[in-house]
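Reader: I am new to this structure and would like a careful, close look at one part of it. Could you begin with the smaller questions of folding and then lead me on to the place where the parts meet?

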Amino acid sequence: MTDDAMLRVRDVRKSYRSGGGMLEVLRGVDFAIEPGGFAAVIGQSGSGKSTLLHLMGLLDAPDSGEVHLDGVRIDNLPATRRDRLRNTAIGMVFQSYHLLPELNALENVLAPLMVRHSVMEWMRVRASARERARGLLDRFGLGGRLHHKPRQLSGGEMQRVAIARALVTEPSVLLADEPTGNLDEASGAGILDALCELNRRDGLSIVLVTHDAAIARRAARIVRLAAGRVADA
Amino acid sequence: MYKLLLCWRYLRTRWIALVCVASVMLGVATMIVVNAVMAGFAHEMQSRIHGILSDLVFESHSLSGFQDPKWHMEEITRAAGGDIEGMTPTVAVPAMLSFQVRGQWLTRQVMFIGIDESTHSLVSDFGSYLQHPENRRQLSFTLRDGDYDTFDSQAEGQAGENGPTRPAMAGAGWPHRRMRVAREKLWREKMGARGDAAAEPARPIDQQVDAVLAATNANGEQPAATDDPAGPPSDSTSDSPQAAVAARRDPFRAVRPEEGDTMDPAKEQFTGIVPGIGLASFRDSDGVDRFLVLPGDDVKITFPTAGTPPKAVSDTFTIIDFYESKMSEYDSNFVFVPIAALQRMRGMFDPQTGIPSVNSIQIRLKPGADLNVVRDRLRKAFPAEMYAVSTWRDKQGPLLSAVDMEMAVLNILLFLIIAVAGFGILAIFFMIVVEKTRDIGILKSLGAGSAGIAGIFLGYGLFLGLVGAGVGLALGLAITWNINAIRTGVEWCTGQRVFDPSIYYFFKIPTIVDPFTVAWIIAGAVGIAVAASVLPALRAARLHPVEALRHD
């Protein structure tokens, strides 16, 4: 771990109610990603890697421990400020793409900006936002699919739309949870190439969660989770 | 911004939401139509009642009435200030009306009301409810020489559409009277000379009547018609006190032909009366009015005198017109007669001074005058032990309250329809929240807060309410404005009469759209739609983002 970490979790623990008792998923995990870093978190199913990603993405709160962003503790902030940080500083990509089915590709990419702005603000920034979203979709080879609904896109295309949506807010860090898990080999490779390029060319910090060691090797650093603890880093 | 976009998309893509729109729409449309029709009926009824009754009624507690209406009217003018537009005295007593139909006597209980024909139309719409055009212009208690309306003059656009609705009125007036007298004369002759009749060749009855009429007219005996053979009863209002005293000795003298003369009913009439049309007719299922008696027929009326104890006196009167206010309570109860004649018959003139008594004074106020304020002023000015002062609303208080209560209860019941629609929205929204759980998780992962998520569903409820209420408003107004055409269409399709004029005495369904009521209905419907979406919205807002994202 480095002192100039962008996103850091310190001794976080997380338990879930399971059946009649409590299942401790994370048992005191320390992890950090530095600016421009590319870390892969690997582990078997149930090792707690997705839970760790959700805690870093402020989708969940740890039972104990701390989450810091740029040196500021963020896990204990009021809900509205955590919502704001999720919208502005953290981008997330999921295995199941999680696109909104009622919106087309362009609108899905614009969704985080629409969440950020009120109607009046949106009228003001709409043109520049659309320009930026179009640019991102062009960059990922979806310039001709702007007005297609998610059901009209392939898995690889949907994941690229999801990456464009995560990047449209210019986040500090991108958290990717098994981004190639639902894709065929070729599409998965394309997504990994895109992530590597984002890290290399744009200097975007990326945390990639996967259970596949071959994919994890594309990252600069690999952290292995086992039984809720960091096995080696 | 995303809330608006998603509300709009959900409205366009979730067809089940149209069920909510349809239920709100039907509820709003039903309420608008029912309120418009109820308001139309209530307005029609109130305007009828107000048209019959004057603004204020100043009356005596006693049937014998109070003396000197002229002095009372001056005092009323003084007490009420400049708010009085017109006044007229009346005398009203309970009475029994009897007439013969096919040889059988029919007797009915009535309210016998003496009115001043020259001033009564100043305080109410009395004149407009009569059946002869001349009487509508200026009432006269003399029999007219025909030209009575053969259709309902108050039913717009009905005249001549499907033929006359009152064909019997074509011969009413002097022609009917002469015909009846001729028949009776012929009948009496036949009865008197029964033995000789067998020798005469039999002729049809109509030919015999024509022969009698021809013989009458050949003698140059023109019926007096509007020339008033009995002398206009209104003249008696200007009688000298001495004449009034003389009339008191023989109360029927002034209304009969000259003393000692034998009255010829083919040329002369008794004191004219105007009974309510409901007393003399009934409407058949085809909307045609059938008459038991007509203007020109004579009837007997028995009523109490003004003395103590009152004695029952009877006299014969001639029907000169009918009164039709469309309020069956009045049309089958009221009989109007010249006030002076009734005062004489009841002995309501002071034997010494000739000053008459009356039961009540009907008062019309100037437009804009506050009825209750003037009523209270008069109540202060006159002792309550002797006089009652009431507004037309006071007089019909229980009826008007019952109508108001009926409308309120109906509105509550109808509003329950929209409330049921609200429960529909609640159930459908819960379903949509479950269906959209993953979307809610996605939005939360993009930074949407719980308030924003709740806002989507509240906004969705608002959209549904507005669209449903908007379409319901258009539908409700369209039905209201075309309700009579729709009624005709339904009657044509089903062959059943939906709106029977013989029950309602209206030829059209009256409607009034009150913008204030419509605004309340729309606000209520939209409010219920939003209220029904609160619980689903809260449930959506409370969803945990991680659990929502994992929702399958």
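Author: In this predicted model, 47% of the 233 residues of chain A count as buried. Chain A has seven helices and ten strands, and among its contacts with a separation of 6 or more, 72% are accounted for by residues that stand 24 or more positions apart.

The contact between the chains takes 23 residues from chain A and 20 residues from chain B. On the side of chain B that touches chain A, at least two residues each are supplied by helix H1 (2-13), helix H16 (437-445) and helix H22 (545-550) of chain B. It is H1(B) that gives the most to this side, with seven residues. Sorted by class, the side of chain B that touches chain A holds 13 nonpolar, five polar and two charged residues.

Chain B also offers a pair of packed helices that can be followed in some detail. Two packed helices are described by the angle between their axes and the distance between the axes. For helix H15 (residues 397-435) of chain B and helix H20 (residues 515-532) of chain B, that angle is about 30 degrees, and the axes are 8 Å apart. Because angles under 35 degrees count as roughly parallel, H15(B) is roughly parallel to H20(B). The crossing in which H15(B) passes H20(B) is right-handed. From H15(B), the contact is made by Phe415(B), Ile418(B), Ala419(B), Gly422(B), Phe423(B), Ile425(B) and Leu426(B), while H20(B) brings Gly524(B), Ala525(B), Ile528(B), Ala529(B), Ala531(B) and Ala532(B). Taken by class, the residues of this contact of H15(B) with H20(B) are eleven nonpolar and two polar, with no charged residue.

A single residue of chain B, Asp289(B), completes the view, and its place is in strand S7 (residues 289-291) of chain B. Within 10 Å of Asp289(B) there are 22 other C-beta atoms, and so the residue is buried, since the cut-off for that class is 20 or more. Leaving aside residues up to four places away in sequence, Asp289(B) touches Thr165(B), Arg166(B), Ser281(B) and Arg283(B). Asp289(B) can also be set beside Pro167(B): the two are 122 residues apart in sequence, yet 8.0 Å apart in space, C-alpha to C-alpha.

Terms used. Residues are numbered from 1 along each chain as its sequence is written. Chains are lettered from A and ligands numbered from 1 in the order in which they are written. This is a predicted model: local features need pLDDT of at least 70, side-chain atom pairs count only at pLDDT 80 or more; totals for chains, interfaces and linings use all residues. Axes are lines fitted to C-alpha atoms, for helices over the stretch in contact, and angles run from 0 to 180 degrees between N-to-C directions. Helices (H or I, at least four residues) and strands (E, at least two) are DSSP runs, numbered from the N terminus. Angles under 35 degrees count as roughly parallel, over 145 as roughly antiparallel, 65 to 115 as roughly perpendicular and the rest as oblique. A crossing is left-handed if the near helix is turned anticlockwise from the far one by less than a right angle, and right-handed if clockwise. Two residues are in contact if their C-beta atoms, placed from the backbone, lie within 7 Å. Ala, Val, Leu, Ile, Met, Phe, Trp, Tyr, Cys and Pro count as nonpolar, Asp, Glu, Lys and Arg as charged, and the others, Gly among them, as polar. A residue is buried if 20 or more other C-beta atoms lie within 10 Å of its own, exposed if 12 or fewer, and partly exposed in between; C-beta atoms are placed from the backbone.
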